Amino acid sequence: MKSLGIKTRIAIVITVLILALGVVMVSVFGLNKSTSYKNGWELSVKAENIDTTDNESSIIRQQTDDYLNSIGVKASAVRTYDEGCWYVVSFNSDHKDVIDTATLKANIENKFNETALLSGVEAEVKYNETVKYVYSQKPVGITIAALITLIAMFGYTALTEKSVASAVAVICTAVVSALVFFGAVALFRVPAEPFFMASVSVAALLGAILSFALVNRFKEEIRLTNSKPDFDTVAKDGVKKSLLRICLTTAAVAVLGVILLGFGIGGDLMWAGIELVIAAATAAISTLTYTPIFWKLIKGKTKKNNAPLTEEKSERE
């Protein structure tokens with residue numbers, strides 16, 4: 001295998017640095033856990049949705065915010081449901097000693113009684129500790145599912161491409177994609193939401209899919225070669241001809257992430273969208289950088305063992 005090009009070297013340095021620095025960040029600080037991921041405390045304020053105007057929701061939010069400001073308590077996150085008639089305030093620490101739910105309930109109901117349409121409406125105010133999201137408690141199942149899928153892709157690639165080099169390249173690229181994604185999330189302190197393990201799996205699977213498309217292009221390049229193929233040239237030409245397809249696929253996944261981000265501003269879907277964009281980027285970079293390297297490396301090993309003739313023949317057929 002000839003020396004690596006300057007772009008490939010730069011990509012390798014960048015990905016290795018991201019992974020190394022990410023590992024350091026995790027070792028020192030751990031993954032970044034937002035309130036909606038770890039255990040926390042919540043103030044839930046709810047009232048029956050009666051008014052068709054914004055009066056009811058605005059009263060709930062305004063009275064809750066004013067009360068918290070009056071006792072010097074700062075929220076870490078807020079969420080609204082049922083057209084704003086259910087207002088949830090999250091905290092990083094426990095404030096049960098200063099938050100009086102009865103007082104807040106009275107304040108809201110008194111304000112309701114000043115509005116004809118809302119007179120007599122009762123508010124439900126609860127304060128409690130929360131254990132967030134069962135998604136974060138089930139990483140094993142997601143990981144097993146991803147591993148089974150990757151093993152299946154290895155077998156499928158080996159059978160369809162009739163090449164161990166292609167199958168190994170696909171799986172190794174998937175692993176690299178997952179590792180770089182992990183490093184990027186850890187390094188840039190993206191909150192490890194409940195979707196973190198799912199996002200790691202997406203990075204791995206997308207890396208495998210893009211890599212499979214690329215090694216399939218390598219196979220086509222070998223078929224088009226009249227003479228004994230030069231693996232460096234095959235890989236170089238294959239990357240060039242697959243670049244647009246890989247970029248379009250990556251862009252499509254990234255757009256989906258942006259859509260999730262837009263719908264989930266300030267909430268969990270926002271971080272899921274950001275993680276999906278990162279997963280798409282790491283999968284594309286890993287595919288374009290490492291798939292050719294792994295493929296050429298295995299091909300070179302096979303060639304030295306005097307086995308490539310049989311493999312090349314099967315690929316031409």
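These legends describe close-up views of one predicted protein model.

**View 1. The whole chain holds nine helices and four strands.**
Along the sequence, the elements come in the pattern α-β-α-β-β-α-β-α-α-α-α-α-α. The protein has 317 residues, and 44% of them count as buried. Its exposed surface is about 16,600 Å², and carbon and sulfur atoms supply 63% of that area. For contacts between residues at least 6 apart in sequence, 77% join residues at least 24 apart.

**View 2. Helix α1 covers residues 6-29.**
This helix has 24 residues. From its first C-alpha to its last, helix α1 reaches 34 Å, close to the 34 Å expected at 1.5 Å a residue. Which residues of α1 are buried? They are Ala11, Thr15, Ile18, Gly22 and Met25. After α1 comes Gly30, which has a positive phi, near 75°.

**View 3. Arg61 and Asp65 form a salt bridge in helix α2.**
The two side chains meet at 3.7 Å, N to O. Helix α2 spans residues 55-70, and because Arg61 and Asp65 are four residues apart in this helix, about one helical turn separates them. Arg61 has a relative accessible area of 38%, so this residue is partly exposed. Asp65 is also partly exposed, because its relative accessibility is 25%. Side chains of opposite charge can pair when their charged atoms come close.

**View 4. Glu114 and Lys111 form a salt bridge.**
The closest N and O atoms of this pair are 3.5 Å apart. Is Glu114 buried or exposed? With a relative accessible area of 60%, Glu114 is exposed; the cut-off for exposed is over 50%. Lys111 has 34% relative accessibility and therefore counts as partly exposed.

**View 5. Lys126 and Glu124 form a salt bridge.**
Here the closest N and O atoms lie 3.9 Å apart. Lys126 is partly exposed at 47% relative accessibility, and Glu124 is partly exposed with a relative accessible area of 36%. Elsewhere, Arg217, Glu221 and Lys241 are joined into one network by salt bridges that share partners. The count for the protein comes to nine salt bridges.

**View 6. Phe182 sits in helix α5.**
Helix α5 runs over residues 164-187. What does Phe182 touch, leaving out residues up to four places away in sequence? Phe182 touches Val26, Leu31 and Phe196. The C-alpha atoms of Phe182 and Ala203 are separated by 9.2 Å, and the two residues are 21 residues apart along the chain. Phe182 counts as partly exposed because its relative accessibility is 25%.

**View 7. Leu288 in helix α8 touches Val239, Leu243 and Ile246.**
Residues 268-304 make up helix α8, where Leu288 is found. The contacts of Leu288 with Val239, Leu243 and Ile246 do not count residues up to four places away in sequence. Leu288 and Ile246 are 42 residues apart along the chain, and their C-alpha atoms are separated by 8.5 Å. With a relative accessible area of 23%, Leu288 is partly exposed. Buried would require under 20%, so the 23% of Leu288 places this residue in the partly exposed class.

**View 8. Four residues make a nonpolar surface patch.**
Val255, Ile259, Phe263 and Leu269 form this patch, which has an area of about 410 Å². Which helix gives the most to the nonpolar patch? Helix α7, residues 231-263, gives the most, with three residues. Phe263 has its place in helix α7. At 70% relative accessibility, Phe263 counts as exposed.

**View 9. Two cysteines, Cys85 and Cys172, are shown for their exposure.**
Cys85 has 2% relative accessibility and so counts as buried. Cys172, at 25% relative accessibility, counts as partly exposed. How many disulfides does the count give? The count comes to zero disulfides.

Note on methods
Residues numbered from 1 in each chain as written. Predicted model: local features only at pLDDT ≥ 70, side-chain atom pairs only at ≥ 80, totals over all residues. Heavy atoms only, no water. Patch = residues over 30% accessible without salt bridge, like charges linked within 9 Å, V, L, I, M, F, W, Y side chains within 5 Å. Areas by Shrake-Rupley, 256 points an atom, 1.4 Å probe, with all protein chains shown as cover. Helix = DSSP H or I, 4+ residues; strand = E, 2+ residues; numbered from the N terminus. Buried < 20%, exposed > 50% of the residue type's maximum accessible area, 1.4 Å probe, protein only. Disulfide = S-S within 2.5 Å. Contact = heavy atoms within 4.5 Å. Expected span 1.5 Å × (residues − 1).
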